[in-house]
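Colleague: Hi! Could you walk me through this one? I'm still new to reading structures.

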Amino acid sequence: MSASPDSGGAFRTTQGGRIRRDQTRTFTYNGKTLTGFAGDTVAATLLAHGIHLVARSFKYHRPRGIVAAGIEEPNALMTVGTGSAQEPNIAATVIETHAGLAVRTQNAWPSVEFDAMAINSLLSPLFVAGFYYKTFMGPTRKAWMFYEHFIRKAAGLGVASQKPDPDRYDWHHGFTDLLVIGSGPAGLSAALAAARSGMDVTLVEQDVEAGGSVLNQPVDSPQAIWLAQTLADLAASGRVRILTRATAFGLYDGNTVGVIERSAPGLADAANGVPRQRLHILRAGSIVMACGAIERPLVFPGNDRPGVMLADAVGAYVNRYGVVAGRRAVFATNNDAAYFDAVALAKAGAQVTLADLRQHAQLELLAMAKTAGVEVRLSTTVTNAKGSHRVKTCTLAPYDLSQGRVTGAGVTHAVDLVAMSGGWTPTVHLTSHRGIKPTYRADLCSFVPGGFDRGHFGAGSMMGTQTFTQAVQSGWDAAVQAASDMGKPVAGSCPQAPVQADVNLGFVAVGPMVSGKAGDKSFVDFQSDVSVDDIALAHLEGYQSVEHLKRYTTLGMGTDQGKTSNLNALAIMAEKRRLDIQQVGTTTFRPPYTPATIGALAGRSVRAHLQAVRRTAMHDWHEAHGGVMMEAGPWKRPLWFRTHGNTLSDAYKAEMAIVREQVGMADVSTLGKIDVQGPDAAEFLNRVYVNGFAKLPIGKARYGFMLREDGIVMDDGTTSRLSETEFFMTTTTAQAGKVMSHLEFLLQVVWPELRVTVASVSDQWAAMSVAGPKSRDVLKAAFPDVDFSTEAIPHMGLVDTDLTGALAGVRVRIIRLTFSGELAYEVYAPTHHGNLIWEHLLEQGKPWNLRPYGLEALGSLRIEKGHVVGSEMDGRTTLDDMGMGKMASKLKPFWGDALRRSDNLARTDRPTLVGLEPAEEGATPSNGAILFFADDAIKGHGRGHITSTTYSQSLGKAIGLGLLQGGTSRIGQVVIAASPVQGRQYRLKVVDPCFLDAEGERYRG
Amino acid sequence: MVKSSLYRSPFAGHPLGDSPTRGGDIGVTVSADMLTSVTQVSTWHTGVSALCEVLGTALGQALPAQTGDTVRSADRLVMRTGPEEFLIVSDDVSDKAADMTALLRQSIAADVGSVTNLSHARCRIHLEGPKCVDTLSKLFPIDLRDPAFPQQEIRLSGHHHVPSLLHRLGAQSFNVYVFSTYAFDQLATVLDAAREYGVTLKSTG
């Protein structure tokens, strides 16, 4: 197998790999068309065409190339798509090529080949770690804000679109007996074992196909053959669901795992409901984490040059993608795994030298290398790499492992590829999400999970297994343990795994090696542009803690979360502090493991589905008749009607006049309604309300307040007695759910001895308030069989009646009560009849010009009467604050009574309810303005505030309600209202909160 | 299924018809209806045995033994929605369904339990088809696998904090009982969730 100048790039082999050579894939890269094959990633295609320079670094704008072959890629971040579909910061190593794909480089201008901001490299002394605490600080204190604008423009990653996302996202709530994370040898083995126990298994894999590290092996390798057979066995079991393109990004309480599944290219179809990404919230009985391990770089000067790559990645590009990353390669390693990658590259026709810093290597490896034509040099390491847009030379020097240093002069070699392997780092992130600190294993020179929650298990190289066989066995064992915990034995034993070429794969007895001297720019974290010098500087400046090191240098804070850099940094820090690595410790990995789109997290809860929408039975009528709808929590309610004016201001005043002068009708279906039944129902209500309900006569309603346990007002409402043991309670719209919960709590916890049931009937009844001097006339016409005289239905009286004639079969409940202060009736009709009754009333009300009115007018009418709503009952006010203290019974206990008498709530200087009207021209009260006495300095919290305002159509002036120290004892006085937000101050006169008809003659008529 | 000019369905406004996948498939068939009769019967924690005795006699049938169980007779479905609570649903217009509340109140005295008419408070959305489980899994965080949710059982769940009562009729068949004031929106949500799989809306009550 050797590189071919044709077919998908000059650096493509003629055969081999997992790509499908019969299907080409064309995409644009920076506007230029490139062709690869199905199964390629963008990175693979770029390398196949010899393109290594693909990025500029974050801070210094140094030329950067592709380093890895998977999600750990730190450099090759691209922007995918254009316009509203543009998505930045996607690693080219995971972008699947497909028709129509457009990718471009980022953070470089005008191009990655010539980037004007490369000047930052020359200015690097100004941009050392923590520079924003030390430089750009003058000449004035505000200077930083000036510099910051330019610094931000100069550094960074990609740019997101500001346009609405055109794609669709969705959620899936999943449940599974066993969740296996990772589909390498360990994960697949675990899934197979679990399937044989009868467990229902879900296997998630972030790659486009299952196989994990096996995908980077030659397609004819024993491991690959094992993979194919195992996948077939899993499919045959019928018990395993494999999700590919699915990344487990977070591990949460209750064995819940967040997984984001990407759709295959070309499948997303927003118009037809097919999402681009799907968030799975997976709840598992048990979890086996087989997350693998990630290779780490060596640290030496120039290790960030394009063409310096991870050794495993080089092998992956050959074996999986049929791409030769270079033709004159040096492999520098401290472990066995790189030998296989070197051999693979050599077999593809490259000239390969392997520098192993260890004194000895296994004979099988040496023989394998020799057969492939790989020159092996033991006790040798790389000390630098040079080149600008591509590595051109590297220097190999003798290295003494026992002394831990370079011992001789190096020899420079001409290269186009340096493949480095500094060891392997288990992927411990998910256990870290559970707050479990990893522990250091000196035999592996790596951190492994420090433990697992109950029901969680680890397997494979994540746990430090060294060989393929060990990984397979560990996965099997983990699943057996998980199954046993769930009482399900596994049938059979672990199938034999291939043992050929089964030498120790990656873990080493040699720690990370750092060579070079200060100033040589040896990079530790490629993505965040953090070098050895930065770590040394942080140490010098006293940042001893690994947490400080991270935040001061920004190491590990990029989109890759430091996947290739963390351990090397810890090793350097340990050396500086003269500690063991385990004493240095680690920072905490937190979700997400890889970047997660906001779209996926939001799922389908966007736009029309952002939240639940609640509609009354008359909703369509309102919309069809000029109702301007507003949101009141989940409800849609008509705020005003266009038939009454062109603007809100005109319309609500007209609607107020309709009610005061004639008759209007408002949709009040949103009120909470609760059915209270039982032998002890009256006693229950007597304890819940501040005023007495035990003796409420049948057929009568009563207005009441209920308090919280701390004595603050919770809600008000009207409760009617339907029988000895049945009551019909109404609540405010906003508090309906809270009141229902409150009643349930009282019955279940506080007074379980009471024989009472409560049931929400808010949805059972539509409701409409017919209000105005002509309301009785309208109702008499609409319901001729009902006696609406004051004797029959006095104020706060009610009647249930079955309608006749054309409306036979409909039962309505009518309660005479008022919110507006006019003669008024609330008509309750079963919901599905609601629109019918509404239209019936409008029809019958035509002689009196009955018209609908909206929420704005409803709210304004009650202000004229001084009736309180949530603006006054705001969770801080007491009965006395609102002038309702006299309602509280002195004869019976009620919920909240004890604490309403507490010192703070019983203070006499608390602000209490007053009315307010202008005391000078232009003094229009505004909601929230702070009230001051006339001789107060205008500062601080004042003496109270304005709670509600409106223009009174009846009085011809602006009015308001407020809470003011001294309350109604200050009637007649002038106060100052100050609105800092509006920048206004004006004088108001304190008046009685009831502006109209204080004697109630209108509603008693 | 209520048909009368006196009624207006909360689902009115949703167009009937097919929205297939690109490949022409329909994975979920949906119908939405008002209910003829829905009655909640409940008691306090000391009243359960007395209520069960009286209710069973009144209905002339066995009652579901535990919360989550259902018992279906020819003309009605009795669901145990709580330790002290039953929900009775009837689709038979000839069952004097509108009088179910009054009928049960004749048998169940106030000191035994409470009878509440919820016939207008609940509507029903029916889903069936090979993709109805996938559709419901988008919305409700409950285990819909067969062992966890057997046929003929009910589960209370919610989407956007709005309660919904799911009744599994078959492996690929569910009724979802929703609050009437949320019904229009919840049907929109179900149809949108099913859109990916191809969906047909057959009726809106």
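Modeller: Happy to! Let's begin with A:R907, which is partly exposed, with a relative accessible area of 38%. Keep in mind that this is a predicted model.

Colleague: Okay, and which residue does A:R907 form a salt bridge with?

Modeller: The partner is A:D909, and the closest N and O atoms of the two are 2.8 Å apart. A:D909 is partly exposed too, at a relative accessible area of 37%.

Colleague: What does A:K957 pair with?

Modeller: A:K957 forms a salt bridge with A:E917, with 2.8 Å between the closest N and O atoms. A:K957 sits in strand β48 (residues 957-965) and A:E917 in strand β45 (residues 911-918), so the bridge ties together parts of chain A that are 40 residues apart in sequence.

Colleague: Are those two buried or exposed?

Modeller: A:K957 is partly exposed at 28% relative accessible area, while A:E917 is buried at 13%. Buried here means under 20%, so A:E917 falls inside that limit.

Colleague: How far apart in the chain are A:D253 and A:R434?

Modeller: They are 181 residues apart, so to speak in distant parts of the chain. Their side chains meet in a salt bridge, 2.8 Å from N to O. A:D253 is in the loop between β13 (246-252) and β14 (256-262), and A:R434 is in the loop between α10 (429-433) and β27 (439-441). A:D253 is exposed, with a relative accessible area of 58%, whereas A:R434 counts as partly exposed at 25%.

Colleague: How many salt bridges are there over all chains?

Modeller: The count comes to 60. Some link up into a network: A:R168, A:D170, A:E261, A:R278, A:R604, B:K138, B:D192 and B:E196 are joined that way. As you can see from the names, that network has residues from chain A and from chain B.

Colleague: Switching topic: how many disulfides are there?

Modeller: Zero, over all chains. Take A:C494 as an example: the nearest cysteine sulfur is that of A:C291, and it is 19 Å away. A disulfide needs the two sulfur atoms within 2.5 Å, so A:C494 is in no disulfide.

Colleague: And is A:C494 buried or exposed?

Modeller: A:C494 counts as buried, at 15% relative accessibility. B:C132 is buried as well, with a relative accessible area of 0%.

Colleague: Now A:T877. Where does it lie?

Modeller: A:T877 is in the loop between α23 (855-865) and α24 (897-900) of chain A. Although it is in a loop, A:T877 is buried, at 4% relative accessible area.

Colleague: What does A:T877 touch?

Modeller: Leaving out residues up to four places away in sequence, A:T877 touches A:I712, A:V713, A:E872, A:M882, A:R910 and A:L963. Look at A:V713 in particular: it is 164 residues from A:T877 along the chain, yet their C-alpha atoms are separated by 6.2 Å.

Colleague: What about chain A as a whole: how many helices and strands?

Modeller: Chain A has 26 helices and 50 strands. Its C-alpha atoms fill a box of roughly 110 × 75 × 55 Å along the principal axes. Of its 1005 residues, 57% count as buried. Among contacts with a separation of 6 or more, 66% are between residues 24 or more positions apart.

Colleague: And what about its surface and charges?

Modeller: The accessible surface of chain A is about 38800 Å², and 53% of that belongs to carbon and sulfur atoms. Chain A has 98 positive and 95 negative charges, and their mean positions are 4 Å apart.

Notes:
Residues are numbered from 1 along each chain as its sequence is written. Chains are lettered from A and ligands numbered from 1 in the order in which they are written. This is a predicted model: local features need pLDDT of at least 70, side-chain atom pairs count only at pLDDT 80 or more; totals for chains, interfaces and linings use all residues. Side-chain values use heavy atoms; hydrogens and water are left out. Helices (H or I, at least four residues) and strands (E, at least two) are DSSP runs, numbered from the N terminus. Buried means under 20% relative accessible area, exposed over 50%, partly exposed in between (1.4 Å probe, protein chains only). Contact means heavy atoms within 4.5 Å. Accessible areas come from the Shrake-Rupley method with a 1.4 Å probe; for residues, only the protein chains shown count as cover. Lys and Arg count as positive and Asp and Glu as negative; His and the chain ends are not counted. The place of a charge is taken as NZ of Lys, CZ of Arg, CG of Asp or CD of Glu. A salt bridge is a side-chain nitrogen of Lys or Arg within 4 Å of a carboxyl oxygen of Asp or Glu.
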